[in-house]
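Let's take a walk through this structure together, starting with how its contacts are spread along the sequence and ending with how far the model can be trusted.

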Amino acid sequence: MTHGTSEIGERKTKEDLKRLVETKVLVKSRPLLTALQASKNIFPDEFIGLFRGKWNGEAITIEELIIPPLSDYGNGFSSYAPWFIPPNTNSIGSFHSHPQGPARPSRQDLQHFASNGPVHFIAAPPFTIKSTACFDAKGKKIGFEMK
Ligand SMILES: [Zn+2]
C-alpha cells in the first residue's frame, strides 16, 4: 500500500539521477556497433532498440542490444510494443536513430527517456561513434566510452 514506500521509491530515483551525472557510461563495442549497423541498414527509416546491462553505482555498463519483436520502423518514427519485452529484461536504456539528424532528443523522446531507464542513445548519419550521443533520463547529454 503504501504511500510511504512509493515516496521512498521516488526519492531514491531522484538521488540515482543526480548520481548519474558522475556515473561513467561504458558500452561494449558489440551492442553499440550492432545498433549502428542496424541504423545504417534500415536507413532512411528509424531504428530503435533497447540496451541491457549493469549499473553498479559507479558505472553503467551496456552489454547487450535487444531488438524488440514486432517493432514498427517508420520514416520519422519508430515504436515497439512494451508488452513483448520479457519482464526480466533489465533494460537499462534505449538506442534509436535519427535518420534526418540531429542526434538530439525530440519532445517525444524525452517522454520516452523519462520512463525507460537511465541512459539513452541517439545516432544521426553517418551512424558512427562520433555521430552518436548519450543522454540521461532527463535528456541531458552525458559522455560515454566504448570498451
Ligand atoms: Zn528520437
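Of the contacts in the protein chain between residues at least 6 apart in sequence, 63% link residues at least 24 apart. Keep in mind as you look around that this is a predicted model. Buried residues account for 29% of the 147 residues in the chain.

The chain holds 3 helices and 10 strands. Read from the N terminus, the elements follow one another as α-β-α-β-β-β-β-β-α-β-β-β-β.

Now to the sheet. It is an open one, built from 8 strands in the order S9-S8-S7-S6-S2-S3-S1-S10, with mixed pairing. Strand S9 (141-142) and strand S10 (145-146) take the edges, and each has a single partner strand, so one side of each lacks a neighbour in the sheet. Helix H2 (residues 29-42) packs on this sheet, where it touches strand S1 (24-27), S2, S3, S6, strand S7 (119-123), strand S8 (132-135) and S10. The direction of H2 makes about 45° with that of S3.

Strand S2 (residues 48-55) deserves a stop of its own. How many of its 8 residues are buried? The count is 6, so to speak of S2 as mostly covered is fair. In the sheet order, S2 sits between S6 and S3, and its pairing with each is set out here.

| Partner of S2 | Sense | Bridges |
|---|---|---|
| S6 (residues 91-97) | antiparallel | 5 bridges |
| S3 (residues 59-66) | antiparallel | 6 bridges |

Individual bridges can be picked out on either side of S2. Towards S6, Phe51 has Gly93 as its bridge partner. Towards S3, Gly53 is matched with Ile62, and Trp55 with Ile60. S2 and S3 also form a hairpin with 3 residues between the strands, and in this hairpin Gly57 adopts a positive phi near 100°. As general background, strands of a sheet pair through backbone hydrogen bonds, either parallel or antiparallel.

Finally, a word on confidence. Mean pLDDT over the protein chain is 81, and 70% of the residues score at least 70. Which elements have the lowest and the highest mean pLDDT? Helix H1 (residues 3-20) has the lowest mean, 53, while S8 has the highest, 97. Over residues 1-9, pLDDT stays under 50, and the model has 0 contacts beyond four places in sequence for this stretch.

Terms used
Residues are numbered from 1 along each chain as its sequence is written. This is a predicted model: local features need pLDDT of at least 70, side-chain atom pairs count only at pLDDT 80 or more; totals for chains, interfaces and linings use all residues. Helices (H or I, at least four residues) and strands (E, at least two) are DSSP runs, numbered from the N terminus. A residue is buried if 20 or more other C-beta atoms lie within 10 Å of its own, exposed if 12 or fewer, and partly exposed in between; C-beta atoms are placed from the backbone. Two residues are in contact if their C-beta atoms, placed from the backbone, lie within 7 Å. Two strands pair if DSSP finds at least two bridges between them. Axes are lines fitted to C-alpha atoms, for helices over the stretch in contact, and angles run from 0 to 180 degrees between N-to-C directions. pLDDT is the predictor's confidence in each residue, from 0 to 100.
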